[in-house]
Amino acid sequence: FFFLMIRRPPRSTPSNCRQRQMCIRDSFNLKREGIYEDTSVSPGFFSQLGIRRLHLTDGEEKLWREKRNFTLKQNWRPFSWLDTTFQFGREEEDRVESGTPFQVEVESWPVMRLKFDLNRTPFLVDRVSGRFFSSSNLVVEYIKKTTQKKNISDTISHQWTLNWKGKFKKPENLSLIYSYKSSIQKETPFSESTSQKVFSSTHQLKLTHSTYLPWGKKIPILNRLINFQNKVNLSATLTRELKFKQATSGTLEEDKEKWNLQNDISYKLRNNVNMSLGLNLTYYKDKVKAGEDYFSYGGFARIEIVF
């Protein structure tokens, strides 16, 4: 086994404003791995260092793998309300397993990440966001990845991600989180005109709140068992998942939809006692296979005691 990583220190571009500083990082990784069976020969000095490929005069080579990875990453903050990240990556793998060679090339470009502070973003966005939220952040990401398996298949995938989190001014300790993630993947087998498309997406909306329960101190029995000086944490999460798979002919092979509602409450009863309660509702629908639809519900109660 051999692993080598070369990373250059980040290079920064000076500027009069700190928020406009640009940072560039690049790295190169090399990993080699070999497995021999039924051998009595020791590997040579250069093979142990990973400079040469492992080759023994006797025994059977079960696996040889060599991975090369190069990454170039740029971070730039052109404005006080915007952080940007761009990245290029390429990975190559040569593998021989039980005498069968495999070659895989993966290229990731473009890889983009934009982070917005909406309370500072101009064009009236800061006024609208700042009126309701004490903090509001939006992160948008996009990744395109191309995977080529020699003499097997070619795959192109696109992935989008959006995450937003806002903390309300009133009431305090109330937060709203929205996240969206989707991906489209197209795979074409080697020397064939047919292809397969797979699409999946996830929407999630989460509401969290923490508050005190001052009225509990007025109940004689409960105030001896429960420490009402701590906050109770409440959360409700609604998730929708979609997935479908389609062939080149237009045949829909898979079409699924799933809804899930999760409600949780947690509280620290005493210094060494934690309690959690939860309720879960799930609805699943399969538009291709009949008889797969269902609705389920459940709950849980958990008490943790620390000795």
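## Y297 and its strand

Let's start with one tyrosine: Y297 sits in strand β13. This is a predicted model, and in it Y297 has a relative accessibility of 65%. That value lies over the 50% cut-off, so Y297 counts as exposed.

## A nonpolar patch on the surface

Y297 also belongs to a nonpolar surface patch of about 790 Å². Its partners there are L205, L238, W259, L279, L281, Y283 and F295. Two elements, β12 (273-286) and β13 (294-305), each give two or more residues to this patch. With three residues, β12 makes the biggest contribution.

## Strands β3, β4 and β5

Now to another part of the chain. Strand β3 (residues 60-79) runs antiparallel to strand β4 (residues 82-97), and 15 bridges join the pair. If you would like a landmark for this pairing, look for T71, which stands opposite G89 in β4. The two strands β3 and β4 form a hairpin, with two residues between them.

On to the next pairing: β4 is joined by 15 bridges to strand β5 (residues 100-117), and these strands also run antiparallel. Here a handy pair to find is T85 and R113, with T85 standing opposite R113 in β5. Again the connection is a hairpin, as β4 and β5 have two residues between them. One detail worth a look in that turn is S98, which has a positive phi of about 55°.

Definitions and conventions: Residues are numbered from 1 along each chain as its sequence is written. This is a predicted model: local features need pLDDT of at least 70, side-chain atom pairs count only at pLDDT 80 or more; totals for chains, interfaces and linings use all residues. Side-chain values use heavy atoms; hydrogens and water are left out. Patches are made of residues with over 30% relative accessible area and no salt bridge: like charges are joined within 9 Å, nonpolar side chains (Val, Leu, Ile, Met, Phe, Trp, Tyr) within 5 Å. Accessible areas come from the Shrake-Rupley method with a 1.4 Å probe; for residues, only the protein chains shown count as cover. A salt bridge is a side-chain nitrogen of Lys or Arg within 4 Å of a carboxyl oxygen of Asp or Glu. Helices (H or I, at least four residues) and strands (E, at least two) are DSSP runs, numbered from the N terminus. Buried means under 20% relative accessible area, exposed over 50%, partly exposed in between (1.4 Å probe, protein chains only). Two strands pair if DSSP finds at least two bridges between them.
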